[in-house]
Structure formats: C-alpha cells, structure tokens
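Grab a pencil and work through these exercises with the model open beside you. Try each task before you read the solution under it.

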Amino acid sequence: MRILFVCGRARTRSPTAEQVFSRWPGLETASAGVSDDADEPVEADHVAWAEIIVVMERAHRRKLIRRFGPALRHARIVCLDVCDDYAFMEPALVRLLEARAGRFLPRGSKPS
C-alpha cells in the first residue's frame, strides 16, 4: 500500500510519519507539504502515486482538494488532527502518529 503523508512545510510531521511507517511491512511511504515553501511540495505525481493520503490538519485537506480536485478521487484522504507542536522524530509525535494513523493502515502491517 502506498501512503503519502502531508503537512504544511514537510519538515517535521509528515517526514516523521514517512520514516516511522516506512518500517511497516507492506507499506511504501512518502511525505510532502502543501505550503509554497515546503521542503518537498506536493506535486501531481505524489497524488497519482498514493492510495491513501494522510493529512495532519483539515486545512491541508482543503488545500489538496483546491489544488488537485478530481485527481484525488482514487485516493482515500484521512486527517489525523496533529498540530505543529513537535520536533522531527520526537517520541511523543511518533506515539501520536502510530496511535492515530495505525487504525487506517492494513491489518498485519505493524512491525512485530
């Protein structure tokens, strides 16, 4: 399963999620941001590649829909409601991402 994690500038939340879930069997991960100054801006190729798009905030979903509209029809979009209060790979962020995103991922994906 191909999962795109999206936040604002792709500096902390989505890259953390990409790294954490890349270790889960059966998952391919990528991360990008919806802001103009994102380290890795969301492009049409990202959207076409993803089966699930996981956004950190509702505003990110709105920006994706405005920017990519019909191209999103094939992907499921999930919002985790994770605010931008964490550092990259901060243990509290990792735990929160695992708790909130794990329920949307295929059973049996979590590493043992």
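**Exercise 1.** Find which residues of α4 are buried, and work out how they are arranged around the helix.

*Solution.* This is a predicted model, so keep that in mind as you go.
- Step 1: Pick out the buried residues of α4, which are Leu-93, Val-94, Leu-96, Leu-97 and Ala-101.
- Step 2: Look down the axis of α4: these buried residues fall within an arc of 165 degrees, so they line one face of the helix.
- Step 3: Now check the other side of α4, where Pro-91, Arg-95 and Ala-99 are exposed.
- Step 4: Ask what covers the buried residues; α1 is included in that cover.

**Exercise 2.** Work out how α1 and α4 are oriented to each other, and which residues meet.

*Solution.*
- Step 1: Helix α1 covers residues 13-22, and its axis comes within 10 Å of the axis of α4.
- Step 2: The two axes cross at roughly 70 degrees. Angles from 65 to 115 degrees count as roughly perpendicular, so α1 is roughly perpendicular to α4.
- Step 3: List who meets whom. From α1 come Arg-13, Thr-16, Ala-17, Val-20 and Phe-21, and from α4 come Leu-93, Val-94, Leu-97, Glu-98 and Ala-101.
- Step 4: Sort the residues of this contact by type, and you get seven nonpolar, one polar and two charged.

**Exercise 3.** Describe the surroundings of Leu-93: is this residue buried or exposed, and what is it in contact with?

*Solution.*
- Step 1: Place Leu-93 in helix α4, which spans residues 91-101.
- Step 2: The relative accessible area of Leu-93 is 0%. Buried means under 20%, so Leu-93 is buried.
- Step 3: Skip the neighbours within four places in sequence, and Leu-93 is in contact with Thr-12, Arg-13, Thr-16, Val-82, Tyr-86 and Ala-87.

**Exercise 4.** Find which elements build the largest nonpolar core, and follow Phe-21 as an example.

*Solution.*
- Step 1: This core has 21 residues, and those touching the most other members are Ile-3, Phe-5, Phe-21, Met-56, Leu-80, Val-82 and Leu-97.
- Step 2: The elements giving two or more residues to this core are β1 (2-7), α1, β3 (52-55) and α4.
- Step 3: The top giver is α4, with five residues.
- Step 4: Zoom in on Phe-21. Leaving out its neighbours within four places in sequence, Phe-21 is in contact with Phe-5, Leu-27, Thr-29, Leu-97, Glu-98, Ala-101 and Leu-105.
- Step 5: Don't stop there: a second, separate core holds 16 residues, including Val-6, Ala-32, Val-55 and Leu-72.

**Exercise 5.** Locate Ile-53 and say what it touches.

*Solution.*
- Step 1: Ile-53 sits in strand β3.
- Step 2: Its relative accessibility is 0%, so Ile-53 counts as buried.
- Step 3: Not counting residues up to four places away in sequence, Ile-53 touches Leu-4, Val-6, Leu-64, Leu-72, Ala-75, Arg-76, Ile-77 and Val-78.

**Exercise 6.** Look at the backbone of Asp-81 and Met-89, and say what is notable about phi.

*Solution.*
- Step 1: Asp-81 is in the loop between β4 (76-79) and α4, and Met-89 lies in the loop between β4 and α4 too.
- Step 2: Phi of Asp-81 is near 55 degrees, a positive value in a residue other than glycine. For Met-89, also not a glycine, phi is positive and near 60 degrees.
- Step 3: Check exposure: Asp-81 is partly exposed at 38% relative accessible area, and Met-89 counts as partly exposed at 25%.

Definitions and conventions
Residues are numbered from 1 along each chain as its sequence is written. This is a predicted model: local features need pLDDT of at least 70, side-chain atom pairs count only at pLDDT 80 or more; totals for chains, interfaces and linings use all residues. Side-chain values use heavy atoms; hydrogens and water are left out. Helices (H or I, at least four residues) and strands (E, at least two) are DSSP runs, numbered from the N terminus. Buried means under 20% relative accessible area, exposed over 50%, partly exposed in between (1.4 Å probe, protein chains only). Contact means heavy atoms within 4.5 Å. Axes are lines fitted to C-alpha atoms, for helices over the stretch in contact, and angles run from 0 to 180 degrees between N-to-C directions. Angles under 35 degrees count as roughly parallel, over 145 as roughly antiparallel, 65 to 115 as roughly perpendicular and the rest as oblique. Ala, Val, Leu, Ile, Met, Phe, Trp, Tyr, Cys and Pro count as nonpolar, Asp, Glu, Lys and Arg as charged, and the others, Gly among them, as polar. The arc is that of the directions from the helix axis to the C-beta atoms. A nonpolar core is a set of buried Ala, Val, Leu, Ile, Met, Phe, Trp, Tyr and Cys residues joined through side-chain atoms within 4.5 Å.
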